[in-house]
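Work through the exercises below with the sequence and the model in view. Each task is followed by a solution in steps.

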Amino acid sequence: MRDAEAVVNISQVFSASEAILTARVEQIKASLAHPGLKGGAVEEAVRNLLQDYLPKNIGIGSGVVIDSAGSQSAQIDIILYDAQKTPTFFRSGDAGVFPIECVYFAIEVKTSINASNFAACVKNMASLKSLSRKAYYPSSGPIIETVETFSGFPSPTWDPIYLVFALGADVRYQPLISYLDEHRQNSADIRGQIDSLYVHGIGLLTNITLVPPKAFKFNLTPDSRSLVGLVDNQPLLTFFTLFSRYYNQAQMPLAFDFSRYTLSCISGSPSVFLNTTSRNQAAIDEANKQGGQFVLPQQA
């Protein structure tokens, strides 16, 4: 028989994490007056919290996200990406430029949330979720795999999830619910929205679906039937419980095609040097007549 005292109390573990985060926020507020320095310290506190619980296959960075059509997102505080398959186009410390196909989550961190900066969060979210995800090798063979990040929307690729993590609020919880609820009502596509909002000291604003006659369930992402509600009992534990449903299934069902980003850079006027035998020269002349262009071999 197991010793009862040896069993891990998960509830206490996350309560302690909440207390540590609270103490860190108070330390930051007492130590830093400059908004930029304070914001950077708050982002670091959230990043450290995530690193304690995320599996190693999920990388943590910050910066901008781009697509193969040449568009880019606003600056993202925390980017969670595939640590094994993501080729960053630039990196300095944790900051980098990431292809949208390899990004699983974007998290915007706020020292405090209010109506004005929530509207800014919506704008930043749209800059990410509007990016085009097309740089994949086509699937082949009889097995077709899909992921269902959003209920009722199976997809062969991963829809990036956008979360807001605030370390406080300038308002009480009722206006916060209204912010997210009005955002739901004003957005036609549920996949193009802020998915959930965690406000430290207040709770988790997330998606609640009623299950008749008396039950309900929570989900980090919305669907056509969900309502916005507040979880104020063990909100950090609830957040990570819902969060884990996604990060433990995070995958790229289709292989990332790096050439979609690079081919236009190298195909315009390739410099090719061949041994100038008569046979090679004839082939070069024929290619020049047709308009030579660099082509990568297709996946077998």
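A residue is called buried under 20% relative accessible area, exposed over 50%, and partly exposed in between, with a 1.4 Å probe and protein chains only. The model is predicted, so local features need pLDDT of at least 70 and side-chain atom pairs count only at pLDDT 80 or more, while totals for chains, interfaces and linings use all residues. Residues are numbered from 1 along each chain as its sequence is written, and side-chain values use heavy atoms, with hydrogens and water left out.

**Exercise 1. Describe the protein chain as a whole.**

Step 1. Helices (H or I, at least four residues) and strands (E, at least two) are DSSP runs, numbered from the N terminus. The protein chain has seven helices and ten strands.

Step 2. Of the 300 residues in the protein chain, 44% are buried.

Step 3. A contact means heavy atoms within 4.5 Å. Among contacts in the protein chain with a separation of 6 or more, 69% are between residues 24 or more positions apart.

Step 4. Accessible areas come from the Shrake-Rupley method with a 1.4 Å probe; for residues, only the protein chains shown count as cover. The accessible surface of the protein chain is about 16600 Å², and carbon and sulfur atoms hold 53% of that surface.

**Exercise 2. Place strand β5 among its partners.**

Step 1. Strand β5 covers residues 103-110, and eight of its eight residues are buried.

Step 2. Two strands pair if DSSP finds at least two bridges between them. Strand β2 (residues 76-82) runs antiparallel to β5, with four bridges joining the two. Isoleucine 79 is set opposite alanine 106 in β5.

Step 3. Strand β6 (residues 161-166) pairs with β5 in the parallel sense over six bridges. Leucine 163 in β6 is the bridge partner of isoleucine 107.

**Exercise 3. Classify two aromatic pairs.**

Step 1. Rings of Phe, Tyr and Trp (its six-membered ring) pair if their centres lie within 6.5 Å; planes under 30 degrees apart count as stacked, over 60 as edge-to-face and the rest as tilted. A search of the whole structure gives 19 aromatic pairs.

Step 2. Phenylalanine 89 and tyrosine 261 form a tilted pair, because their ring centres are 5.2 Å apart and their planes are at 35 degrees. This pair links distant parts of the chain, 172 residues apart: phenylalanine 89 is in the loop between β2 and β3 (90-92), and tyrosine 261 is in helix α6 (residues 259-266). Phenylalanine 89 counts as partly exposed at 34% relative accessibility, whereas tyrosine 261, at 10%, counts as buried.

Step 3. The rings of phenylalanine 243 and tyrosine 247 have centres 5.0 Å apart and planes at 85 degrees, so this pair is edge-to-face. The two residues are separated by about one helical turn, because they are four residues apart in helix α5 (residues 235-247). Phenylalanine 243 is buried at 0% relative accessibility, and tyrosine 247 is buried at 8%.

Step 4. One aromatic cluster includes Phe243 and Tyr247, and among its other members are Trp158, Phe239 and Phe240.

**Exercise 4. Compare the settings of three salt bridges.**

Step 1. A salt bridge is a side-chain nitrogen of Lys or Arg within 4 Å of a carboxyl oxygen of Asp or Glu. The structure holds five salt bridges.

Step 2. Lysine 129 bridges to aspartate 195, with the closest N and O atoms 2.9 Å apart. Lysine 129 is in helix α3 (residues 115-129) and aspartate 195 in the loop between α4 (173-186) and β7 (196-199), so the pair ties together parts 66 residues apart in sequence. Both lysine 129 and aspartate 195 are buried.

Step 3. Arginine 133 bridges to aspartate 159, with the closest N and O atoms 2.6 Å apart. Arginine 133 and aspartate 159 are 26 residues apart, each in the loop between α3 and β6. Arginine 133 is partly exposed at 24% relative accessibility, while aspartate 159 is buried at 9%.

Step 4. Aspartate 189 bridges to arginine 191, with the closest N and O atoms 3.3 Å apart. Aspartate 189 is partly exposed at 36% relative accessibility, and arginine 191 is partly exposed at 33%.

**Exercise 5. Find two backbone exceptions.**

Step 1. Most residues other than glycine have a negative phi, and most peptide bonds are trans.

Step 2. Proline 212 and proline 213 are joined by a cis peptide bond with omega about 5 degrees. Proline 213 is in the loop between β8 (203-211) and β9 (215-219).

Step 3. Glutamine 234 has a positive phi, near 50 degrees, and is found in the loop between β10 and α5.
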